[in-house]
Amino acid sequence: MTQPASSGDPSRNFLSVTQARCSILEAIEPIKGWERVPVRSALGRVLAQDVVAPCNVPAHDNSAMDGYAVRAADLNAVGDTVLHVVGTAFAGRPFSGIVGPAQAVRIMTGAAIPEGADTIVVQEVTRREGDQVTVPPGQRRGQNLRRAGEDLALGGVALAAGTRCGPAELGLIASLGCAEVSVYRKLRVAFFSTGDEIASIGRPLGPGEVYDSNRYTLFGALSRLGCELIDMGVIADNPAALEAAFCDASQAADVIITSGGVSVGEADFIREMMSRMGEVAFWKLAIKPGRPMAFGRIGNARLFGLPGNPVAVLVTFYQFVQDALLKLMGVSPLPQANLFDAVCTESLRKQAGRVEYLRGRLDRSEGQIRVATAGAQGSGVLRSMSEADCFIVLPEDCTGVQAGDLVKVQAFDGLI
């Protein structure tokens, strides 16, 4: 897809957010390489093959509660039933006998159901006197039992390929007795900042310089995804230096992410370099902040040329780059955007023709979800991202919001 030519209203010549997302996701496929890793090393990794249950989970019928294992046929429908307690079943130490007529076995949570029993009566409703237990009426056959294979049946798919492993997935894999799993190799991502005015931290600023924050926000975002990082530092606004950086990055990485240099200034060389060394799918979006964002390819590496302003870097990363990286990592299906309605507590101005992402702060008190902007909304004010817990998403056709109107909100929880 090529960028539309300019004419008339500039916003009409920019790719929409939806078009850009579709263009990016349609252009990429998951990486192919995979490896076997120990279960604990699989945290955050993406399964390359289905995890198939080699056994039933649980392995045997067991009790879901502490109580008494009994035969439902012995219980009175009306009035109490008195049973003789003939033993105890513990988790890992089952009762070895058979539960006969008018008998009961004291049983603990997780213990195997003794032969002959088919019902568990919770201890709280019973009365115990010596080796006699009194059971009240109203019990149901099969209550409080967990059947063998109830969680997972032998040969069933426990976790499908494309699943990203979190704490629950690690526990599930371990419950199957699997010591290793197959995961996609880590995605290799090279990233660097561009600009003569960008200074690395740890030294005094020169005239007109600013410290490089973008590499650190990208480092944080990429680290959370579990990528293998190649930090290439700050590259000057010099075509030869940029060409060398792109050559090195395209040979070492699956993805290249830059910040700065994708606008139309005399020293903005990223888009030109991408066109000369590879291809550019688009470079202007109907979005604020983040309008100048390039997507393309150099060699076999996908390239995202993000804006230079710090907030625009984070907005474009989370709205476009993150899902692309997840798809490259093999995640399937991709997570859905967690948009929901909230009452806006202030009036907001907006220009039609672009989607705007304002940094917001949610208030869930008094039984209603409300939202207000968090701090100054300039694309260079990174503090607004730190103070916010959501994006207020204003669609293309919106021309403003009045206090009390409903707006769409995208919470950071689960996104960032």
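**Side-chain contacts and burial**

Reader: How many salt bridges does the count come to?
Author: The structure is a predicted model. A pair counts when a side-chain nitrogen of Lys or Arg lies within 4 Å of a carboxyl oxygen of Asp or Glu. By this rule the number of salt bridges is 17.

Reader: Asp-80 forms a salt bridge with Arg-127; how many residues apart in sequence are the parts that the pair ties together?
Author: The closest N and O atoms of Asp-80 and Arg-127 are 3.6 Å apart. Asp-80 lies in the loop between β4 (67-70) and β5 (81-89), while Arg-127 belongs to strand β8 (residues 127-129), so the parts tied together have a separation in sequence of 47 residues.

Reader: Is Asp-80 buried, partly exposed or exposed?
Author: Buried means under 20% relative accessible area, and exposed means over 50%. Asp-80 has a relative accessible area of 39%. That value falls between the two cut-offs, so Asp-80 is partly exposed.

Reader: What is the relative accessible area of Arg-127, the partner of Asp-80?
Author: Arg-127 also has to be placed between the limits of 20% and 50%. Arg-127 counts as partly exposed because its relative accessible area is 48%.

Reader: Asp-341 forms a salt bridge with Lys-408; how many residues apart are they?
Author: The closest N and O atoms of Asp-341 and Lys-408 are 3.0 Å apart. Asp-341 is in strand β22 (residues 339-344) and Lys-408 is in strand β28 (residues 406-411), so the pair links distant parts of the chain, with a separation in residues of 67.

Reader: Are Asp-341 and Lys-408 buried, partly exposed or exposed?
Author: Asp-341 has a relative accessible area of 38%. The value for Lys-408 is 40%. Each lies between 20% and 50%, so Asp-341 and Lys-408 are both partly exposed.

Reader: Is Glu-356, which meets Arg-354 in a salt bridge, buried or exposed?
Author: The side chains of Arg-354 and Glu-356 meet at 3.0 Å, N to O. Glu-356 has 4% relative accessibility, and the limit for burial is under 20%. Therefore Glu-356 counts as buried.

Reader: Which residues do salt bridges that share partners join into one network?
Author: Salt bridges can share partners, and here they join three residues into one network. These are Asp-212, Arg-215 and Asp-231.

Reader: What is the length of the polar contact between the side chains of Arg-215 and Asp-231?
Author: Arg-215 is placed in helix α3 (residues 214-225). Arg-215 counts as buried, because its relative accessibility is 9%. Its side chain and that of Asp-231 are joined by a polar contact of 2.9 Å.

Reader: How many aromatic pairs does the structure hold, and which kind is the pair of Phe-317 and Tyr-318?
Author: The structure holds six aromatic pairs. In one of them, the rings of Phe-317 and Tyr-318 have centres 5.2 Å apart and planes at 90°. Planes over 60 degrees apart count as edge-to-face, so the pair of Phe-317 and Tyr-318 is edge-to-face.

Reader: Tyr-357 and Phe-391 form an aromatic pair; how many residues apart in sequence are the parts that the pair ties together?
Author: This pair is edge-to-face, with 5.8 Å centre to centre and 80° between the planes. Tyr-357 lies in strand β24 (residues 355-363) and Phe-391 in strand β26 (residues 390-394), so the parts tied together have a separation in sequence of 34 residues.

Reader: Are Tyr-357 and Phe-391 buried or exposed?
Author: Tyr-357 has 3% relative accessibility. For Phe-391 the value is 0%. Burial needs under 20%, so Tyr-357 and Phe-391 both count as buried.

Reader: Over the ring of which residue does the charged end of Arg-106 sit?
Author: A charge over a ring must be within 6 Å of the ring centre. The charged end of Arg-106 is 5.4 Å from the centre of its ring. The residue that carries this ring is Tyr-68.

Reader: Which residues form the nonpolar patch on the surface with Leu-205?
Author: Leu-205 is in the loop between β14 (198-199) and β15 (210-211). Leu-205 counts as partly exposed because its relative accessibility is 40%. The patch has about 390 Å² of accessible area together, and Leu-205 shares it with Ile-201, Tyr-211 and Tyr-216.

Note on methods:
Residues are numbered from 1 along each chain as its sequence is written. This is a predicted model: local features need pLDDT of at least 70, side-chain atom pairs count only at pLDDT 80 or more; totals for chains, interfaces and linings use all residues. Side-chain values use heavy atoms; hydrogens and water are left out. Patches are made of residues with over 30% relative accessible area and no salt bridge: like charges are joined within 9 Å, nonpolar side chains (Val, Leu, Ile, Met, Phe, Trp, Tyr) within 5 Å. Accessible areas come from the Shrake-Rupley method with a 1.4 Å probe; for residues, only the protein chains shown count as cover. Helices (H or I, at least four residues) and strands (E, at least two) are DSSP runs, numbered from the N terminus. Buried means under 20% relative accessible area, exposed over 50%, partly exposed in between (1.4 Å probe, protein chains only). Rings of Phe, Tyr and Trp (its six-membered ring) pair if their centres lie within 6.5 Å; planes under 30 degrees apart count as stacked, over 60 as edge-to-face and the rest as tilted. A charge sits over a ring if NZ of Lys or CZ of Arg is within 6 Å of the ring centre and within 35 degrees of the ring normal. A polar contact is a pair of N or O atoms within 3.5 Å; within protein, one must be able to donate a hydrogen and the other to accept it, and residues adjacent in sequence count only if both atoms are side-chain atoms.
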